[in-house]
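Me: Hi! Could you walk me through this one while I have it open?

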Amino acid sequence: MEATLNTTVSAAEKFISSFSNFKSALLQSQPAMVERALAALHTQDFPTTRVEDWKYTRTARIAHENWSIINAAAKVDITPYVIPGLNAELIVFVNGFLRDDLSAYSNALDVSIKADKTHEAIDFPCANIFQSLNAAYSTSVLHIHIAKNKVRTAPLHILHIMADEMAMAQPIITIHAEKSAELEVVESFVCVKDQKSFCNRLLNVHVDENAIVSLHKIQAEGDHSFMMNEDSIHIEKNGRFNINTLTIDGGWVRNNLNISLDGENIETHLNGIFLPRRKQFVDNHSKVDHRFPNCNSNELYKGILNDNSVGVFNGKVYVQPDAQKTNAFQSNKNVLLSNEAQMNTKPELEIYADDVKCSHGTTTGQMDDSALFYLKSRGLSDESARKLLSTAFVNDVISKVDNEAVREYVITELVKRDLLFV
Amino acid sequence: MLSIKNIHARIEEKEILRGLSLDIKPGEVHAIMGPNGSGKSTLASVLAGKEEYEVTEGSVQFLQKDLLEMAPEERAREGVFLAFQYPVEIPGVSNMNFLKAAVGEIRKHQGLEPLSAKEFLKLVAEKSKLVELDGQLTNRAVNEGFSGGEKKRNEIFQMAMLEPKLAILDETDSGLDIDALRIVANGVNALRSPDRSFLVITHYQRLLDYIVPDFVHVLYKGRIVKSGPKELALELEEKGYDWIKEEFETAYS
């Protein structure tokens with residue numbers, strides 16, 4: 001049989017044409033995965049708003065650009081992005097490429113940090129075009145591994161810097177905490193100037209039995225940046241996983257957070273703040289899958305939206321038939337500061353067990369006029385009063401970040417952007 | 001200090017103040033009494049600058065300035081203070097941060113240097129004693145979870161911190177037991193001075209046993225229909241408001 005000649009070029013094929021010769025960082029260790037991702041790209045397209053999961057999220061602005069994979073040789077000044085007082089091992093990516101020359105970490109510690117050639121299998125289902133793109137054209141792969149019973153008191157700081165106009169970064173990070181290990185990771189995303197860039201990063205976390213992993217994500221890129229985060233988390237029995245997603249800045253941000261509770265007596269906390277303004281867009285999609293009994297999950301996301309910004313929250317909590325005695329709470333609260341700002345929120349709860357405690361709720365409103373008047377009647381300007389109320393609103397979440405240096409850094413960055421009250 | 005001339009004010013389409021006039025000189029304490037719905041709280045809201053109220057006629061001069069032209073925060077900085085009838089709970093905003101900001105704004109407006117952290121805390125310690133406000137309450141979120149009495153004491157504490165020229169107490173006594181009432185009144189009395197005036201709005205004469213006014217005015221249907229010395233309050237307590245209403249209806253029918 002002759003192969004049929006396909007003259008139509010898919011959007012994905014057009015998209016990859018400018019970097020199709022690039023060899024995925026996964027190629028050496030997992031050629032099969034790369035093969036699978038490349039095959040998937042032949043059939044996948046950028047999702048349209050007709051797809052439920054992308055109903056409010058336009059991807060056309062990413063799809064229509066000519067991105068480049070740029071391993072910038074130039075020296076990048078990392079000092080503005082170091083978090084004061086964090087005292088962390090520092091791992092730096094520039095345009096998605098791991099940069100040993102800029103990083104400062106030691107493998108002699110309890111944690112092994114390895115780039116690329118390892119056998120820690122990465123298994124992304126290539127369920128959407130972003131996952132496939134990343135696996136097929138990964139810029140760098142970072143494995144973080146903490147051995148059984150090891151407790152790391154100082155955190156690791158993974159710093160993603162977007163340094164070039166039209167750069168597309170596709171880093172992969174895996175974190176594996178073995179039985180009873182403990183690890184804290186801070187991941188921050190910045191760009192050197194407000195240039196157009198696209199960071200499409202995958203994260204795989206495995207929390208083994210009785211292990212604890214905390215992750216603080218600080219997203220602080222610019223108005224012209226695009227950021228896709230795919231976070232896939234597996235937790236085993238008695239494990240704990242906490243994640244804070246703190247979105248300070250970014251033109252287009254989509255977080256896909258999937259947490260699978262794969263054993264009994266697991267606890268997980270998901271907190272987030274987002275403060276989009278101007279024409280920024282922030283979308284948080286989360287999925288918490290309770291599969292075993294006696295687990296707790298707690299989710300709180302708070303948004304303050306100004307100007308013409310748009311926010312999306314979609315939180316799904318599944319309580320499977322075996323997951324009796326589940327406690328699952330989910331809440332999304334938003335404040336709109338302008339008439340043009342828009343929030344699309346959909347909390348979802350699917351319960352298939354009968355002995356559970358679950359709640360979900362969402363509110364979207366304006367600033368409380370009576371509180372504003374009360375503050376102004378004591379001499380505060382309208383702007384100060386609004387900022388003071390905003391501060392109180394997000395402090396609720398920021399105070400849950402159990403790392404003082406991260407908390408201070410986030411507050412400082414928000415104040416710097418004139419979003420919070422000092 | 002304050003000169004109200006023939007003000008008319010309405011909320012939505014309902015006219016509540018219908019030609020109210022009142023003069024308050026420095027150091028004077030004026031009590032405004034009146035039956036429910038007579039416009040007492042509206043007067044307080046209009047003076048503090050609440051946006052829902054629209055002044056359709058008349059003028060208010062405060063220290064030779066047009067008060068009605070000022071935004072609520074400008075009025076506060078010029079020295080007007082309203083003790084709210086229903087103090088607002090503001091979760092997440094600490095009393096201390098809020099007060100520090102307020103004191104800072106007012107001092108800036110007066111051309112004074114900002115207080116150091118130490119000076120500020122000293123002031124807090126001193127002023128909170130006036131109303132026997134627990135140190136823990138001053139550190140909590142603004143009014144959140146406060147009892148009715150604690151909220152009113154917090155109002156007087158804020159007043160003491162901000163040292164206004166004109167303090168308006170809007171039914172500060174309502175819902176207070178006699179002990180709380182005494183504490184609040186003592187706080188107010190401690191702040192009385194020759195250059196600070198008070199407008200005490202109340203439904204009950206009881207408060208005026210503790211905060212003794214120089215003048216008592218009766219508000220009815222949006223107008224001051226009777227004024228007199230402090231003894232007028234006692235007469236009202238004894239006879240109720242019906243005779244005032246009758247006098248008014250006769251005079252205007």
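Me: What share of the 422 residues of chain A count as buried?
Reply: Happy to help! In chain A, 50% of the 422 residues count as buried, meaning that 20 or more other C-beta atoms, placed from the backbone, lie within 10 Å of a residue's own. This is a predicted model, where local features need pLDDT of at least 70, side-chain atom pairs count only at pLDDT 80 or more, and totals for chains, interfaces and linings use all residues. Residues are numbered from 1 along each chain as its sequence is written, with chains lettered from A and ligands numbered from 1 in the order in which they are written.

Me: Thanks! What radius of gyration does chain A have?
Reply: Chain A has 21 Å, which agrees with the value near 22 Å for a compact globule of 422 residues. The radius is taken over C-alpha atoms, and the globule rule is 2.2 Å times the number of residues to the power 0.38. Along its principal axes, the C-alpha trace spans about 80 × 45 × 45 Å.

Me: How many helices and strands in chain A?
Reply: Seven helices and 20 strands. These are DSSP runs numbered from the N terminus, with at least four residues of H or I for a helix and at least two of E for a strand.

Me: Which strands does E8(A) pair with?
Reply: Strand E5 (residues 156-162) of chain A runs parallel to E8(A), joined by seven bridges, and nine bridges join E8(A) to strand E10 (residues 212-220), also parallel. Pairing here requires at least two DSSP bridges between two strands. Leu156(A) stands opposite Val185(A), while Glu184(A) has Ser214(A) as its bridge partner in E10(A).

Me: Is E8(A) mostly covered or mostly open?
Reply: Mostly covered: nine of the 10 residues in E8(A) (residues 182-191) are buried. Helix H6(A) is mostly covered too, with 13 of its 17 residues buried.

Me: Switching to the contact between the chains, how many residues does each give?
Reply: Chain B gives 20 residues and chain A gives 18, where contact means C-beta atoms, placed from the backbone, within 7 Å.

Me: And which element of chain B gives the most?
Reply: H3(B), with five residues.

Me: Last one: what is the strand order in the open sheet of chain B?
Reply: The four strands run E2-E1-E4-E5, with antiparallel pairing. Strand E2 (14-24) and strand E5 (65-66) are the edges, each pairing on one side only. Eight bridges join E1(B) to E4(B), and Ile4(B) has Val60(B) as its bridge partner in E4(B).

Note on methods. A residue is buried if 20 or more other C-beta atoms lie within 10 Å of its own, exposed if 12 or fewer, and partly exposed in between; C-beta atoms are placed from the backbone. Two residues are in contact if their C-beta atoms, placed from the backbone, lie within 7 Å.
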